[in-house]
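Hi,

Here is the structure I promised to pass on. Have a look at it first, and then read my notes below.

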Amino acid sequence: MSVVDVAEGKDYSFPKEEEKILQLWDRLDAFNEQLRRTEGKPEYIFYDGPPFATGLPHYGHILAGTLKDIVTRYASATGHHVTRRFGWDCHGLPVEYEIDKKLNVKTRDDVLNMGIGTYNEECRSIVMRYSKEWEKTVKRLGRWIDFENDYKTLDPSFMESVWWVFSQLYEKGLVYRGFKVMPFSTACSTPLSNFEAGLNYKDVSDPAVMVSFPVLGDPDGASLVAWTTTPWTLPSNVALCVHPELSYVKARDNEKGKVYIVAEARLHALPGAVPKPKKGAKKDDKPEGGFEVLSRLPGRELVGLRYQPLFPFFAPLAAAEGAAKGAFRVVADTYVTDDSGTGVVHQAPAFGEDDYRVCLHNGVCEKGDSLPCPVDLNGRFTEEVPTFKGMHVKEADKDIIASIKEAGRLVDHSSITHSYPFCWRSDTPLIYRAVPSWFVAVESIKERLLHNNTLTYWVPAYVKEKRFHNWLENAHDWAVSRSRFWGTPIPIWASEDGEEIVCVGSKEQLEQLTGEKVTDLHRHFIDHLTIPSSRPGHPPLRRVDDVFDCWFESGSMPYGQLHYPFENKQLFEANFPADFVAEGLDQTRGWFYTLMVLSTALFDKPAFKHLVCNGLVLAADGKKMSKRLKNYPDPTEVLDKYGADALRLYLINSPVVRAETLRFKEEGVFAVVKDVFLPWYNAYRFLIQNILRLEMETGARFTPTPPAQLRPTNVLDRWIGAASRSLIAYVATEMGAYRLYTVVPYLVKFIESLTNVYVRYNRKRLKGSKGREDTATALSCLFNVLLDVCKVMAPFTPFLTESMYQNLRAALPAGEAPESVHWCDFPPVQQAQEGDERIQLSVDRMQRVIELGRTIRERRNKPLKSPLTRLVVVHSDTDFLQDIQGELREYVESELNVRRVEVCADPLQYASLRAQPDWQALGKRLGKSMGAVAGAIKDLTPDQILSYESSGSISVAGHTLEAGEIKVLRDFKVPEGVSPDDVDANGDGEVLAVLDLRVDDSLVAAGLAREMVNRFQKLRKSAGLVLTDKVDLFFNPAPEQPATAAALAALVADHGDYLRESLGVNVLPAAVRPASAVVIATERTSIGGADGSLAFTAVLATPAATVPRGPLLAACGGSEELAEAVAVVVASRELGRLQAEVGEAGGALVVRVNGASVTLTAGKELFFSASAAAAALAGVEVTANGTA
């Protein structure tokens, strides 16, 4: 086998080639084969967070999937067996939402009338609606993951593990029944999630009332005043809340004889509190009225005061005098504000999340106890509030306000317009209502959660140390039940009086307790099952009505996906916690949290060791991506246009991998193709073309020399080897630390160096300019590096690396290379060799010198085609100067088109030094001392600056400054005796490039030769020729310029070596073109500037057999007639057959003509191109087959 030619970059379609690779992977069964090949190796456990299949994948999923694929591919390549199973979240709101729309379900009763079984089976039918689209997209992205053996949260095996998890928590005493305040639809008689509550907000007008609460035992008869926009909650009031730090006042309304207590900043909101001028009063008249402030006190001094209940309905709950528990007391919390209301907030714990939290914390009510909640599921008052019984809460507002007014407790009554949530189903106002829920007692294990968090490794670390730590530190007990239908049922069977409770932990246990066979664990399969009571004569236990919150299910996925502990017990316990998880930043309060809570509660361990957290992908305008707004490109279209590799690399090489936001821009994906893939591909194509060229010239298959056997002497061969070793070591280190955001920029920079330095500077060598042995060495170096790059980049760009690898492996010995790059091991990290660091540093500095020189040329309008005499490189590092004037010199001269490179170790010879402080680095550290230090820095002498540069520190104004805290600036100093117009310099703070801009006639001629090379190269390209296409080059001077012929002939004669080295053949006058040579392309062109001082026609022609007149005449014994006849015979022969015949005859050709025989020797009288003939006449060695 051998490598095959590849398309030109402009004709190469990355998306279409990716489709071919997908077919290859299918044919090889590549993913499963990778798993088979790694069996028996250490397990690398990865948990995949389950998405819903009721929606299509978006860029957030694509990003997270790419992160997971990169890490798991890398783990496999570094000697691990990595099982990757896709998972599906199948229960909960998203599914029910779709079915409610489909079946026009409006209320809970609609579901019950339909039948839970019918409803749930409808839900089941759509769960996997978009699973095929998911599989197609995930596969198209190049992600390797098992869809055939996926896990689903609706599988009985998964649900059984969820039951086991819950039963373990129950046995540990971590489960209790309590209340959770949730958005509630009274029309649908069901709680809603926060997501649902946010679907339908409207501006409405609601009553706003101020109500007095007389303080028991107050000497001034004072009343606290609370403000609320929900008067219907006042019958359930059990406490008042103030802010502990705010200032409150006790103020008397002398007109009404009332004394009120409110926040000082809100006193003006009470009617009559602010004095008002009398009607017709003069400017100096004192305003009348207003409240008299009796005293001021902080809110904390109000805590513990008892007050008279507004209504008698829950008066028995009142706290006893001096008691720290009980109702109708003043409590404090910092959620109270003084920007509205009165600074006193009335508490109804059944109807407000903060109310419930504050009342629990202050002992007004207890966990698990019933709450004052006199409102039924239809939003009507119950018999606990007989005055308003049967009235809907919103309709009861007027009657409640009237009752308060009648009791003399109404301080003020107004209205307010505000945004209020409505039910998306019934379009009726929502209320907040406490609903019974089963809780996991997270607060009791908070310390263990915080400890286990310290055992994990997160990227980026601040998400763990700040965001997640703070979330854990403030964690509350977790309500894990939902009053819904499509979900894993809570496995609790309870008696009617609640005295008897059984928590079931398995299907088998349920079968034993009920005596019934169980095939499915969804509600409609088990709700009818009862468990006999252990108390004689009591009715059987029935299952509670609730199902699990789907977050409890996803948090149980480590156990559910393996059906632990019922199966795979040893596999799970030997590999828990998982090695790796990855999801978006939002999961710090979602999946990451539930994983941590359940693993801590079960095993006192974190569920994972390593976590990569990505940020949010936004639209280009910075807004959330919206299908409705169509403010982002469809992922499928992007994949079809640019390919998956480009999208993957764009996402990974962005701030989103550091948990920051990314504004998705399609042009960014295109930039990856243009700036990374095409240069990389062109370097690969250049290698392939030159391998094929070498094989064609030698007739032998190219086999690269392995790196261990290579002994490169060329500086760039050694450099690229060193750079490759550094790349492998760096990627291994950073991937081991899961820092993908540092890996990709380094990879991209390496590819840029490979293409812009190694390939660019070595083009002539790779084409054979220094002989076949050197060419083979250079090609082997490039081959080995590209092969290693394929292996290193394979996890990141799986398609392009596979495409290149499939061709490259054809050059390796049979059986040596696996059939897929993704079956290859990651290249081993090698110890740096002696000189690696120096050569990498020198080449890096050389590149900077070249860039600095190019910048000088641009600003002084000196195009690169025009040679210059001299470049001086100024630097204090003598090793670098030795390298730049030694092995690296030819590359600098070529790239900057200068005749010679000189060096200078004295920076003061060409520059004056000055120092400036790095304000950003020093400002925070020095503070007020910054001014004095800055002044001292600016006064540093050149010797002090040089000393700072060499030592890396200096003492200035009593402060020690380290490397990087002072900026050293080099201002160019024109040498004495030189005009500023004749020299220019450019520096980057470390190295200085000084360019001599003076030009003489020899430089002009060299520039013309360079232009001629450019014209012929462009003509080759426009003619569609590839590297292996052999042609002869001719020039035909413009007839209208008589002097041109002589000038061009002189130019070609003087610069023949350069032209031949650059173009591979001699440039010849058109007059010597053999008659049998076929013209491929011609172009009228000129060199020497815009005025076209030397015009000619460039000609490309096929190589043809050539017999130079002098040697031919000698072979013909001086006979002109015989020589002409022999020339005609040779010209009539087909070149390929003629070459074969000469080769078989040992390098000679016998021509018989007119009864005479003439022997022509290849390389002496016979040549197979005009260029070879010209080379021989010029003294250039010609091979036995008649080529130069």
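Which residue in β31 does V956 stand opposite? V956 faces H959 there. Before I go on, a word on the basis: this is a predicted model, where local features need pLDDT of at least 70 and side-chain atom pairs count only at pLDDT 80 or more, while totals for chains, interfaces and linings use all residues. Residues are numbered from 1 along each chain as its sequence is written, and side-chain values use heavy atoms, with hydrogens and water left out.

Back to that hairpin. Strands β30 (residues 953-956) and β31 (residues 959-962) are paired antiparallel through 4 bridges. (Helices, H or I of at least four residues, and strands, E of at least two, are DSSP runs numbered from the N terminus; two strands pair if DSSP finds at least two bridges between them.) There are 2 residues between the strands, and A957 has a positive phi near 50 degrees. In a regular strand the side chains alternate between the two faces of the sheet. You can see that in β30: I954 and V956 point to one face and are buried, whereas S953 and S955 point to the other and are not. Buried is under 20% relative accessible area, exposed is over 50%, and partly exposed is in between (1.4 Å probe, protein chains only).

Next, the sheets. One open sheet has 6 strands in the order β10-β8-β9-β6-β5-β13, with mixed pairing. Its edges are β10 (292-298) and β13 (410-421), each with a single partner strand, so one side of each has no neighbour in the sheet. Ignoring direction, neighbouring strands are turned by 25 degrees against each other on average; axes here are lines fitted to C-alpha atoms, for helices over the stretch in contact, and angles run from 0 to 180 degrees between N-to-C directions. Strand β8 (residues 247-253) runs antiparallel to β10, joined by 6 bridges, and A251 has V293 in β10 as its bridge partner.

Another open sheet has 4 strands, ordered β36-β35-β38-β37, and its pairing is mixed too. Here β36 (1067-1069) and β37 (1079-1087) are at the edges with a single partner strand each, so each has one side left without a neighbour in the sheet. The twist averages 30 degrees from one strand to the next. β37 and β38 (residues 1094-1101) are antiparallel, with 8 bridges; T1085 is partnered by F1096 in β38.

For helices, try α12 (residues 446-454) and α19 (residues 591-603), whose axes come within 10 Å and cross at roughly 110 degrees. The two are therefore roughly perpendicular (65 to 115 degrees; under 35 is roughly parallel, over 145 roughly antiparallel, the rest oblique). On the α12 side, R448, L449, N452 and N453 meet M596, V597 and T600 of α19, where contact means heavy atoms within 4.5 Å.

Finally, some backbone oddities. The V459 to P460 peptide bond is cis, with omega near 0 degrees, and P460 is in the loop between β15 (457-459) and α13 (461-473). The bond from Y564 to P565 is cis as well, with omega near 5 degrees. D604 is not a glycine, yet has a positive phi of about 55 degrees; D604 is in the loop between α19 and β24 (608-614) and is partly exposed at 34% relative accessibility.

Happy browsing!
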